[in-house]
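Please examine the sequence and the structure shown below. The paragraphs that follow lead through the interior of the protein and then to a metal site.

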Amino acid sequence: MPDIAAVKAALAGQRIETPSWGYGNSGTRFKVFAQAGVPRTPFEKLDDAAQVHAFTGVAPKVSLHIPWDRVEDYAALAAYAKERGLELGAINSNTFQDDDYKLGSVCHPDAKVRRKSVDHLLECVDIMDATGSTDLKLWFADGTNYPGQDDVVGRQDRLAEALAEVYARLGDEQRLLLEYKFFEPAFYTTDVPDWGTSYAHCLKLGPKAQVVVDTGHHAPGTNIEFIVAFLLREGKLGGFDFNSRFYADDDLMVGSADPFQLFRIMHEVAKNGGLDAAMNVAFMLDQCHNIEAKIPAVIRSVMNVQEATAKALLVDLDALRDAQRAGDVLAANAVLMDAYNTDVRPLLRELRQEQGLAPDPVAAYRDSGRQERIAAERVGGEQAGWGA
Ligand code: PSV
Ligand code: MN
């Protein structure tokens, strides 16, 4: 049976990175519902992220998105984060919100647009130098809508060329994380549609290139935990963009729709060394809170990842191995189900209390009165949101 002290130590050591854009206004292409108290600057986004960390104790890193989080002085932003017990995490590039990118960015048929997009990616590495961030997270909206629109292989060549230039610019401690998405915004072909394409490019680039698994970026029924296990075995799992989906890339709270899937993913992570610091797997959230209050929703998401991780750590790996070796299908499955069906909330409450935290972070945030305070204070200026 797993040792409870070791399980607690692993949970206390887990780090979950929250996205700056999760604190801003967001919505669908139909409507963005603005919320009172939403940050107006990247600094205020960090103030909100600091609350999530203060109440959960495991969320000290914040991912930035450029240009949404563009500031004059990135070192000052990093210092501001540090004063609040935070660190700046992955720098996300954005080559999808400019008129020039209508036909793509790094895969665009026009060399001028490709140059502009690669320059943006290089700017992101400059920002990493200033903030101390070690991860460059790349997602490309590139693809085509119609058969014959562009040369599929030509686009792969352009992608490889762009990635190679960015890879060559990385410092010793920096890495490139390549995210995939099977469709959207392109509908016919996508230039990095799946983990295999990302993996192939990362393999060619070298050890500082790894794959990011966004849990919302797969066709229904895809076995995500298999992908995770495969990439871990190859040392190519750079991290996660956690969220939950029903139909497409819905960016809902991770673990909200299918906590069993999240458990299965975390089981592969825990079993294959993915929680060890040396593996450097980034556990990032990539979510948008369109109709629910944002800060408590991020707190809830962090707790959902913790709960899935706790259950994964409770899997009796010796019993699992014995049952697998004996070919006892039902017993092996029962070992996993026993762990999944364990109520880990008392364990996590106990752990938080041992760390001097409130046992229920969502309730503690609500009772702090901060939401009412920021709603009253953050008036005027422009609320942050998509595109800002
Ligand atoms: C794309 O859908 C994505 O998952 C990428 O990670 C983006 O950078 C992110 O969403 C933010 O919108
Ligand atoms: Mn993502």
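Leaving aside its neighbours within four places in sequence, with which residues is Phe-240 in contact? In this predicted model, Phe-240 touches Val-212, Val-213, Val-228, Ile-265, Val-269, Val-281, Ala-282, Phe-283 and Met-284.

Phe-240 belongs to the largest nonpolar core, a set of 76 residues. Together with Leu-176 and Phe-242, Phe-240 ranks among the residues with the most contacts inside this core. Helix α9, which spans residues 294–313, supplies the largest share of the core, namely eight residues. Another core lies apart from this one and has 17 residues, among them Phe-263, Leu-313, Ala-332 and Val-344.

The discussion now turns to the metal site. The manganese ion (ligand 2) has protein donors from Glu-179 (OE), Asp-214 (OD), Asp-241 (OD) and Asp-286 (OD), at 2.1 to 2.2 Å from the ion. Along the chain, the donors follow the spacing E-x34-D-x26-D-x44-D. Asp-214 is part of strand β8 (residues 209–214), while Asp-241 is part of strand β9 (residues 237–242); the pair therefore ties together parts that are 27 residues apart in sequence.

Why is the arrangement around the manganese ion (ligand 2) octahedral? The ion is surrounded by six donor atoms, and the arrangement is octahedral because these atoms subtend angles of 72 to 163°.

Two of these donor residues may also be described by their accessibility. Residues under 20% relative accessible area are classed as buried. Asp-214 has 0% relative accessibility and therefore counts as buried. Asp-241, at 1% relative accessibility, likewise counts as buried.

Methods
Residues numbered from 1 in each chain as written. Chains lettered and ligands numbered in written order. Predicted model: local features only at pLDDT ≥ 70, side-chain atom pairs only at ≥ 80, totals over all residues. Heavy atoms only, no water. Core = buried A, V, L, I, M, F, W, Y, C linked by side-chain atoms within 4.5 Å. Buried < 20%, exposed > 50% of the residue type's maximum accessible area, 1.4 Å probe, protein only. Helix = DSSP H or I, 4+ residues; strand = E, 2+ residues; numbered from the N terminus. Contact = heavy atoms within 4.5 Å. Donors = N, O, S within 2.8 Å, 3.2 Å for Na, K, Ca; no water. Tetrahedral: all angles 85-135°; square planar, octahedral: opposite > 155°, others 65-115°.
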